[in-house]
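Work through the exercises below with the sequence and the structure side by side. Try each task before reading the solution that follows it.

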Amino acid sequence: MSHGSGVKRVRTAAAVVLAAVLAGLLTACESGPDAPGGTPAAALTSPAPTATSPAPSGLLGTTELNGFYQPMRYTAVDGDTWEGIAAHFRMTPEILRSFNDSTSVAAGKVIDLRGVDVPQFGASGSVTGQDGRGQLLYRTSAGDTPAGIASRYGVPLHALRIANLNYLTGGEWIPPAGTTVAIPNPPLD
């Protein structure tokens with residue numbers, strides 16, 4: 001039994017595959033932007049896709065960020081709508097309206113983007129004051145989660161955990177109802 005012929009077949013198959021790959025690369029290079037005439041072959045054979053609708057424009061008002069560069073408030077300008085503002089900040093208009101007491105968006109209106117003063121799912125507690133280091137003190141309610149609290153106050157989850165190292169015990173940290181939690185770097189009012 002000879003293994004030599006099997007090795008030759010594998011080498012031959014590998015050479016064929018390598019030749020096909022190289023031929024494909026050469027073809028791609030010849031049809032690129034440096035091809036004679038300067039027009040890629042792909043541009044000659046397929047039409048450019050047409051846009052079905054214009055890209056949505058950005059908001060023209062001003063956005064207030066907190067110390068973690070999270071959007072906290074938006075000052076509206078003429079033409080802004082709940083739907084446009086909500087879409088820009090990746091939320092639903094219903095949630096955005098629930099954070100704000102106004103029924104319409106008027107120029108100069110300051111829109112709360114986080115619902116800091118509104119109890120929310122995962123963050124239905126309330127602020128009880130501030131500590132001496134500029135952190136809000138937040139009293140948790142049943143069902144509060146670190147992610148919910150972090151989202152409501154616009155802080156990264158890791159920053160919330162670091163500010164409350166005394167509550168971490170190794171597993172997932174779920175603050176019991178009535179716990180006072182520090183919210184790092186609160187937005188300036």
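**Exercise 1. Decide how far helix 5 is covered, and find what covers it.**

*Solution.* In this predicted model, begin by counting along helix 5, where six of the eight residues are buried, so that the helix is mostly covered. Next, name the buried residues, which are Pro146, Gly148, Ile149, Ala150, Arg152 and Tyr153. A residue counts as buried when its relative accessible area is under 20%. Then look at what lies over these residues: the cover includes strand 2, strand 4, strand 5, strand 6 and helix 6, the last of these spanning residues 157-163. Finally, place the helix in space, noting that helix 5, residues 146-153, lies across strand 4, strand 5 and strand 6, and that it runs at about 135° to strand 5. Just after the helix comes Gly154, which takes a positive phi of about 65°.

**Exercise 2. Describe the sheet that helix 5 lies across, giving the strand order, the edges and the pairing.**

*Solution.* Start with the order, which is 4-5-6 in an open sheet of three strands with antiparallel pairing. The edges are strand 4, residues 126-130, and strand 6, residues 180-183, since each of them pairs on one side only. From one strand to the next, the twist averages 35°.

Now take the two pairings in turn. Strand 4 and strand 5 run antiparallel and are joined by four bridges, and within this pairing Ser126 stands opposite Arg139 in strand 5. Five residues lie between the strands of this hairpin, and Gly134 takes a positive phi near 80° there. Strand 5, residues 136-139, is also joined to strand 6 by four bridges, again in the antiparallel sense, and here Tyr138 stands opposite Val181 in strand 6. In general, the strands of a sheet pair through backbone hydrogen bonds, either parallel or antiparallel.

**Exercise 3. Describe the open sheet with the order 1-2-3 by following the steps used above.**

*Solution.* This sheet has three strands and antiparallel pairing. Its edge strands are strand 1, residues 62-65, and strand 3, residues 110-112, each of which pairs on one side only. The twist averages 25° from one strand to the next. For the pairing of strand 1 with strand 2, residues 71-75, trace the four bridges that join them in the antiparallel sense, and check that Thr62 stands opposite Thr75 in strand 2.

**Exercise 4. Find where Tyr69 and Arg90 lie in the chain, and state whether each is buried or exposed.**

*Solution.* Recall first that most residues other than glycine have a negative phi. Tyr69 is not a glycine, yet it has a positive phi of about 60°. Its place is in the loop between strand 1 and strand 2, and with a relative accessibility of 66% Tyr69 counts as exposed, because the cut-off for that class is over 50%. Arg90, which is likewise not a glycine, has a positive phi of about 60°. It is found in the loop between helix 3, residues 82-88, and helix 4, residues 93-99, and Arg90 is exposed, with a relative accessible area of 80%.

**Exercise 5. Explain why the rings of Tyr167 and Trp173 form a stacked pair, and state how accessible each residue is.**

*Solution.* A search of the whole structure finds three aromatic pairs. In the pair of Tyr167 and Trp173, the ring centres are 6.3 Å apart and the planes are at 5°, so the pair is stacked; the cut-offs are centres within 6.5 Å and planes under 30 degrees apart. Turning to accessibility, Tyr167 is partly exposed, with a relative accessible area of 28%, whereas Trp173 counts as buried at 4%.

**Exercise 6. State how confident the prediction is over the chain, and identify a stretch with pLDDT below 50.**

*Solution.* Take the average first: the chain has a mean pLDDT of 78, and 68% of the residues score at least 70. Over residues 28-56, however, the pLDDT is below 50, and this stretch has seven contacts in the model beyond near neighbours in sequence. Where pLDDT is low, the predicted coordinates should not be read in detail.

Note on methods:
Residues are numbered from 1 along each chain as its sequence is written. This is a predicted model: local features need pLDDT of at least 70, side-chain atom pairs count only at pLDDT 80 or more; totals for chains, interfaces and linings use all residues. Side-chain values use heavy atoms; hydrogens and water are left out. Two strands pair if DSSP finds at least two bridges between them. Helices (H or I, at least four residues) and strands (E, at least two) are DSSP runs, numbered from the N terminus. Axes are lines fitted to C-alpha atoms, for helices over the stretch in contact, and angles run from 0 to 180 degrees between N-to-C directions. Contact means heavy atoms within 4.5 Å. Rings of Phe, Tyr and Trp (its six-membered ring) pair if their centres lie within 6.5 Å; planes under 30 degrees apart count as stacked, over 60 as edge-to-face and the rest as tilted. Buried means under 20% relative accessible area, exposed over 50%, partly exposed in between (1.4 Å probe, protein chains only). pLDDT is the predictor's confidence in each residue, from 0 to 100.
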